[in-house]
Amino acid sequence: MGCLFLYNPNSGKGGIAKQLPTIRCELEAAFDAVDVHATTSVKDLEACVAEGADKYDAIVFSGGDGTFHHVLQGLNGKRVALGYLPSGTANDIAHTLGIPKNVKKALRIIRMQHVSYIDCMRVNDTGYAAYIAAAGAFTSVTYTTPQKRKRRLGWAAYAVEGLKEFKFDSFPVTVVCDGKKVKTDCALALVMNGKSVAGFMLNERASVRDGVLEVALVKQAKKYGFWGRLAACLSIGHLFLFGFRIKKKDIVKLQGKCVEILTDDEVVWDFDGEKGISGNVKIEAVPSQVKIFVPKNKKI
C-alpha cells in the first residue's frame with residue numbers, strides 16, 4: 001500500500017515540520033511506501049490531492065480546518081482513505097471526529113486503519129465544505145486573522161480579531177430547508193455538518209453520518225442601534241455556550257438534507273474557516289462521501 005503525506009508548514013504554530021522523522025517512521029510501519037510533500041500554496045495542495053487520489057491507497061495530511069477544506073476540493077468526489085493530523089488553531093473537524101492534536105496519538109489511529117465514511121456538504125454544485133458554512137457576525141475572523149498572530153496566541157488570536165467586528169450588520173435571508181421556508185433578517189447564519197465550531201461543541205448530539213444538516217439563524221432587526229447589536233451578540237453567545245439544545249426565541253433552528261439561502265450579493269460566506277463565495281447558496285448533505293481513518297469506538 002502506498003501513502004502520500006502532505007503538510008502545511010504554515011498551519012498552527014508550524015511545529016509539524018520538526019516531527020517529520022517521527023511521522024515518516026510511523027507511516028512506513030503502516031504502509032509499504034511513503035512519499036512526503038510540503039505544500040507551497042492552496043493550489044499546490046489541491047493539485048497534489050487530485051493527483052494522489054489516483055496513485056495512492058491513502059493520503060495523510062496535516063493542517064487545520066482550512067487545509068481539510070482544500071483537501072475536499074482536491075478530491076472533488078473521489079474516494080481515497082484519508083489520514084488526518086490536526087495542527088491548526090481551532091481543529092473543529094478533529095474535535096468532531098475524535099482525532100487528537102497529539103501527533104503520536106493521531107498517527108496511532110492511522111496505523112490502526114479503522115475506516116469510516118462520513119458526510120460532507122456540496123455547495124452550489126461547484127465545491128465542497130466539510131463541516132460549516134457561515135455568514136454574518138464574526139465569521140470572517142478565521143481568514144482575516146494574521147497567521148503570525150495565530151501562531152503566537154493560538155485560539156485567542158481569533159478573539160482579538162473578533163473585537164474589531166462588533167459593528168456587524170444584519171442581512172436578509174430567505175431560507176428553504178427540506179420544504180420549510182423562513183424569511184427574516186439576521187446577524188449570523190450557520191449551516192453545520194458536525195459538532196464543533198470555533199472550538200465550541202455547538203451541536204454535540206449531531207452526527208456526521210446521518211445525512212442531515214443543522215441550520216441556525218440568529219435574528220436581528222434591519223434597523224437596530226447599540227442595544228440591538230448587543231442583544232444579537234448575547235444571542236450568539238447563548239448559541240455557542242448552550243448550542244442547539246436550548247431554545248431561544250430569536251434563534252431559528254432547522255434540520256434537513258438540503259438548504260437554500262437567498263441573500264444579498266455582498267454577503268460573504270465562510271466555508272470551513274476559508275473565505276468563500278458571496279450571495280445565494282445551495283448546500284446539500286452528501287452522505288458517506290469522505291473515507292477517513294477515525295478512532296474505532298468514537299461515536300461520530
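# Strand pairing, helix packing and buried sites in a predicted model

In this predicted model, Val123 has Gly127 in β6 as its bridge partner.

Reader: In which sense do β5 and strand β6 pair, and over how many bridges?

Author: One bridge of this pairing joins Val123 to Gly127 in β6. Strand β6 covers residues 127–129. The two strands run in the antiparallel sense, and the number of bridges between β5 and β6 is three.

Reader: Which residue in the hairpin of β5 and β6 takes a positive phi, and near what value?

Author: The hairpin has three residues between its strands. The residue in question sits in the loop between β5 and β6, and it is not a glycine. It is Asn124, with a positive phi near 55°.

Reader: Is Asn124 buried, partly exposed or exposed?

Author: Buried means under 20% relative accessible area and exposed means over 50%, with partly exposed in between. The relative accessible area of Asn124 is 27%, so the residue is classed as partly exposed.

Reader: How many of the nine residues of strand β5 are buried?

Author: Strand β5 spans residues 115–123 and is mostly covered. Ser116, a residue of this strand, is itself buried, with a relative accessible area of 4%. Of the nine residues in β5, the number buried is seven.

Reader: With which strand does β5 pair over eight bridges?

Author: The pairing is in the antiparallel sense. Ser116 stands opposite Ile292 on the partner strand. That partner comprises residues 281–293 and is strand β17.

Reader: What separates the C-alpha atoms of Ser116 and Lys291 in space?

Author: Along the chain, Ser116 and Lys291 are 175 residues apart. Leaving aside neighbours within four places in sequence, Ser116 is in contact with several residues, including Lys291, Val290 and Arg209. The C-alpha atoms of Ser116 and Lys291 are separated by 5.8 Å.

Reader: Which residue in the loop between β7 and α6 has a positive phi although it is not a glycine?

Author: The loop joins β7 (132–136) to α6 (141–144). The residue concerned is partly exposed, with a relative accessible area of 26%. Its phi is about 70°, and the residue is Phe138.

Reader: Is Ser140 buried or exposed?

Author: Ser140 lies in the loop between β7 and α6. Buried requires a relative accessible area under 20%. The relative accessibility of Ser140 is 17%, so Ser140 counts as buried.

Reader: How far apart in space are Ser140 and Lys275, C-alpha to C-alpha?

Author: In sequence, Ser140 and Lys275 are 135 residues apart. In space, the C-alpha to C-alpha distance is 7.3 Å.

Reader: How are helix α2 and helix α3 oriented to each other?

Author: Two packed helices are described by the angle between their axes and the distance between the axes. The axes of α2 (residues 42–52) and α3 (residues 65–75) come within 7 Å and cross at roughly 50°. Angles under 35 degrees count as roughly parallel and those from 65 to 115 as roughly perpendicular. The crossing angle therefore makes α2 and α3 oblique to each other.

Reader: What is the make-up by class of the contact of α2 with α3?

Author: On the α2 side, the residues are Val42, Leu45, Glu46, Val49 and Ala50. They meet residues of α3, among them Thr67, His70, Val71 and Leu75. By class, the contact has six nonpolar, four polar and one charged residues.

Reader: How are helix α1 and helix α5 oriented to each other?

Author: Helix α1 (residues 20–30) and helix α5 (residues 103–112) pack with their axes 10 Å apart, at an angle of about 15°. Because of that angle, α1 is roughly parallel to α5.

Reader: How many nonpolar residues does the contact of α1 with α5 have?

Author: Residues of α1, including Ile23, Leu27 and Ala30, meet residues of α5, including Val103, Leu107 and Ile110. The contact also has one polar and three charged residues. The number of nonpolar residues is seven.

Reader: What percentage of the 300 residues in the protein chain is buried?

Author: The secondary structure of the chain comes to nine helices and 17 strands. Among contacts between residues at least 6 apart in sequence, 70% join residues at least 24 apart. Of the 300 residues, the buried share is 54%.

Conventions. Residues are numbered from 1 along each chain as its sequence is written. This is a predicted model: local features need pLDDT of at least 70, side-chain atom pairs count only at pLDDT 80 or more; totals for chains, interfaces and linings use all residues. Side-chain values use heavy atoms; hydrogens and water are left out. Helices (H or I, at least four residues) and strands (E, at least two) are DSSP runs, numbered from the N terminus. Buried means under 20% relative accessible area, exposed over 50%, partly exposed in between (1.4 Å probe, protein chains only). Axes are lines fitted to C-alpha atoms, for helices over the stretch in contact, and angles run from 0 to 180 degrees between N-to-C directions. Angles under 35 degrees count as roughly parallel, over 145 as roughly antiparallel, 65 to 115 as roughly perpendicular and the rest as oblique. Contact means heavy atoms within 4.5 Å. Ala, Val, Leu, Ile, Met, Phe, Trp, Tyr, Cys and Pro count as nonpolar, Asp, Glu, Lys and Arg as charged, and the others, Gly among them, as polar. Two strands pair if DSSP finds at least two bridges between them.
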